[in-house]
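Biologist: I am new to this structure, so please take me slowly through a close look at one part of it. I would like to hear how the pieces there hold on to each other.

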Amino acid sequence: MNVAQPHRVLVIDDDAVFSAVLARALAARGFTVDTAADGASALALVRANAPQSAVLDLKLGAENGLALIPQLLAARADLRILLLTGYASIATAVEAIKRGAHDYLAKPVDADQVAQALLGEPDGSDEAPLHVHTPPLRRLE
């Protein structure tokens with residue numbers, strides 16, 4: 001009997017409460033979840049656990065999530081990266097894609113949106129189009 005392995009995801013965010021809540025919500029949806037609060041821990045976990053996906057926050061304390069994208073991909077070339085940010089902009093989304101991110105979501109975000117972005121499009125294609133979900137203009141102001 002061939003049983004598929006659960007989808008392993010790494011949540012990289014310096015907000016411990018957000019990480020814990022998202023990890024618990026993704027685990028409830030069938031994902032195997034690891035968490036990291038900084039770039040060094042994230043790289044170590046990518047090398048050790050070989051996740052299929054990473055949920056990466058744009059701001060990691062003094063670190064920048066954009067700078068971490070190429071490093072994560074160097075450690076695991078097929079890693080699917082979802083960048084999350086509370087500071088959504090088209091320029092940041094474009095830069096994230098240039099660096100290798102597969103998707104980009106603005107906070108606040110719910111676990112269903114994250115799960116859908118991690119799994120890609122339901123049509124089974126390898127390349128899912130970028131979904132830039134920006135908050136309403138009133139919230140950005």
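Modeller: Let's begin with a term we will need often: a residue is buried under 20% relative accessible area, exposed over 50%, and partly exposed in between, using a 1.4 Å probe and protein chains only. This is a predicted model, in which local features need pLDDT of at least 70 and side-chain atom pairs count only at pLDDT 80 or more, while totals for chains, interfaces and linings use all residues. Residues are numbered from 1 along each chain as its sequence is written, and side-chain values use heavy atoms, with hydrogens and water left out.

The part I have picked is the pair of helices α1 and α5, together with the salt bridges around them. α1 covers residues 16-28, and α5 covers residues 111-119; helices here are DSSP runs of H or I with at least four residues, strands are runs of E with at least two, and both are numbered from the N terminus. The axes of α1 and α5 are 10 Å apart and meet at an angle of about 65° (axes are lines fitted to C-alpha atoms, for helices over the stretch in contact, and angles run from 0 to 180 degrees between N-to-C directions). Their crossing is right-handed, meaning that the near helix is turned clockwise from the far one by less than a right angle. On the α1 side the contact is made by L22, A25 and L26; on the α5 side it is made by A111, V114, A115 and L118 (contact means heavy atoms within 4.5 Å). By class, that contact has 7 nonpolar residues, no polar and no charged ones (Ala, Val, Leu, Ile, Met, Phe, Trp, Tyr, Cys and Pro count as nonpolar, Asp, Glu, Lys and Arg as charged, and the others, Gly among them, as polar).

Now look for S19, which also lies in α1. S19 is buried, at a relative accessible area of 6%. Leaving aside residues up to four places away in sequence, S19 touches V11, D13 and T35.

Charged side chains come next. The whole structure has 6 salt bridges, each a side-chain nitrogen of Lys or Arg within 4 Å of a carboxyl oxygen of Asp or Glu. One of them joins D112 and R29, at 2.7 Å from N to O. D112 sits in α5 and R29 in the loop between α1 and β2, so this pair ties together parts that are 83 residues apart in sequence. Both ends are partly exposed: D112 has 48% relative accessibility, and R29 has 38%.

Just ahead of α5, the loop that follows β7 (103-106) holds K107. K107 forms a salt bridge with D57, with 3.3 Å between the closest N and O atoms. D57 is in strand β3 (residues 53-57), and the two partners are 50 residues apart. D57 is buried at 7%, and K107 is buried at 17%. D13, the residue that S19 touches, joins D57 and K107 in a network of salt bridges.

Finally, R8 and D34 make a salt bridge whose closest N and O atoms are 2.6 Å apart. R8 belongs to strand β1 (residues 8-12) and D34 to strand β2 (residues 32-36), so the pair ties together parts that are 26 residues apart in sequence. R8 is partly exposed at 24%, whereas D34 is buried at 19%.
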